[in-house]
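Here is a short report for a reader meeting this structure for the first time. Look through the model first, then read on.

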Amino acid sequence: MLKIGLTGGIATGKSTVSRLFRERGIPIIDADLIARTVVGPGGKAIEGVRAAFPKCFVGDVLNRPALGREIFHDEAKRQQLNQLMHPAIREEMNEQMRTYEASGEPVVILDIPLLFEGTMLDLVDYSVVVYCREEIQLMRLIERNGLTKEEALARIRSQIPIEDKKHQADFLINNNGALGDLPPQINRLVEQFQTIQKEGD
């Protein structure tokens, strides 16, 4: 089974690309979704996170905005949270991959926002980066989240620059243009993935 890591920068359009891959019948393993479940009630990481960040919980429920405020400007706390969550996220991603492989899926996409920043790169065979110019990224983020320019820039600058991610990628998806420019790029990539997978069998 071919494992493709999908990433990008904030507001570059990765979620839209992920949806288009899903519409083409390729299974998606969503790291963000898994991150929510591992700190949900009964989740694999909830006890550790609650012990480290008790003020961010109301009973068994994590107040995600409060946690975000606590870690956003504190690199040490952000690293601590990652160390608590990443093993549980990784374990769940591996479980889902085994399930898809057992069912005979030829290709699976791992949607990982922090693929290059984090510890998940070894899980994938190839990487795909969704990119757009920073001024487009900034405009989309301000419009989507109702942020000031300074707030939006702070979020963009908290990640590896999208230009650096472009240089690390095995495949690129250009999202500088209109929504209609994406499906042809997705179709070409799906064909490439299927070819690579068949050659690897």
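The lining of the largest pocket is a mix: 19 residues are nonpolar, 17 polar and 12 charged. Here Ala, Val, Leu, Ile, Met, Phe, Trp, Tyr, Cys and Pro count as nonpolar, Asp, Glu, Lys and Arg as charged, and the others, Gly among them, as polar.

This is a predicted model, in which local features need pLDDT of at least 70 and side-chain atom pairs count only at pLDDT 80 or more, while totals for chains, interfaces and linings use all residues. Residues are numbered from 1 along each chain as its sequence is written, and side-chain values use heavy atoms, with hydrogens and water left out.

**The pocket**

Rolling a probe the size of a water molecule over the atoms shows where empty space is left. On a 1 Å grid over the protein atoms alone, a cavity is a set of points where a 1.4 Å probe fits but cannot get out, and a pocket is an open set with protein on both sides within 12 Å along at least five of seven lines; lining residues have an atom within 4 Å of a point. Grid points are joined across faces, edges and corners, and a volume is the space filled by probe spheres set on the points.

The largest pocket has a volume of about 1,900 Å³. It is lined by 48 residues, and the closest to its centre are Asp32, Arg64, Pro113, Leu114 and Gln159. At least two lining residues come from each of α1 (14–23), α2 (31–38), α4 (64–72), α5 (75–102) and α6 (134–145). Helix α5 gives the largest share, 8 residues. Helices (H or I, at least four residues) and strands (E, at least two) are DSSP runs, numbered from the N terminus.

**Salt bridges**

Side chains of opposite charge can pair when their charged atoms come close. A salt bridge is a side-chain nitrogen of Lys or Arg within 4 Å of a carboxyl oxygen of Asp or Glu. The whole structure holds 14 salt bridges. Three are listed here.

| Pair | Closest N to O |
|---|---|
| Glu91 and Lys44 | 3.5 Å |
| Glu117 and Lys165 | 3.1 Å |
| Arg157 and Glu134 | 2.9 Å |

Glu91 sits in helix α5 and Lys44 in the loop between α2 and α3 (46–52), so this pair ties together parts that are 47 residues apart in sequence. Buried means under 20% relative accessible area, exposed over 50%, and partly exposed in between (1.4 Å probe, protein chains only). Glu91 is partly exposed at 41%. Lys44 is partly exposed too, at 44%.

Glu117 is partly exposed at 28%, whereas Lys165 is buried at 0%. Arg157 is exposed, at 55%. Its partner Glu134 is partly exposed, at 33%. Salt bridges that share partners also join Lys44, Glu91, Glu92 and Glu95 into one network.

**The sheet**

Strands of a sheet pair through backbone hydrogen bonds, either parallel or antiparallel. Two strands pair if DSSP finds at least two bridges between them. In this model, 5 strands form an open sheet in the order β2-β5-β1-β6-β7, with parallel pairing. β2 (28–30) and β7 (171–174) stand at the edges with a single partner strand each, so one side of each has no neighbour in the sheet. Strand β1 (residues 2–8) runs parallel to β5, joined by 5 bridges. Leu2 stands opposite Val107 in β5.
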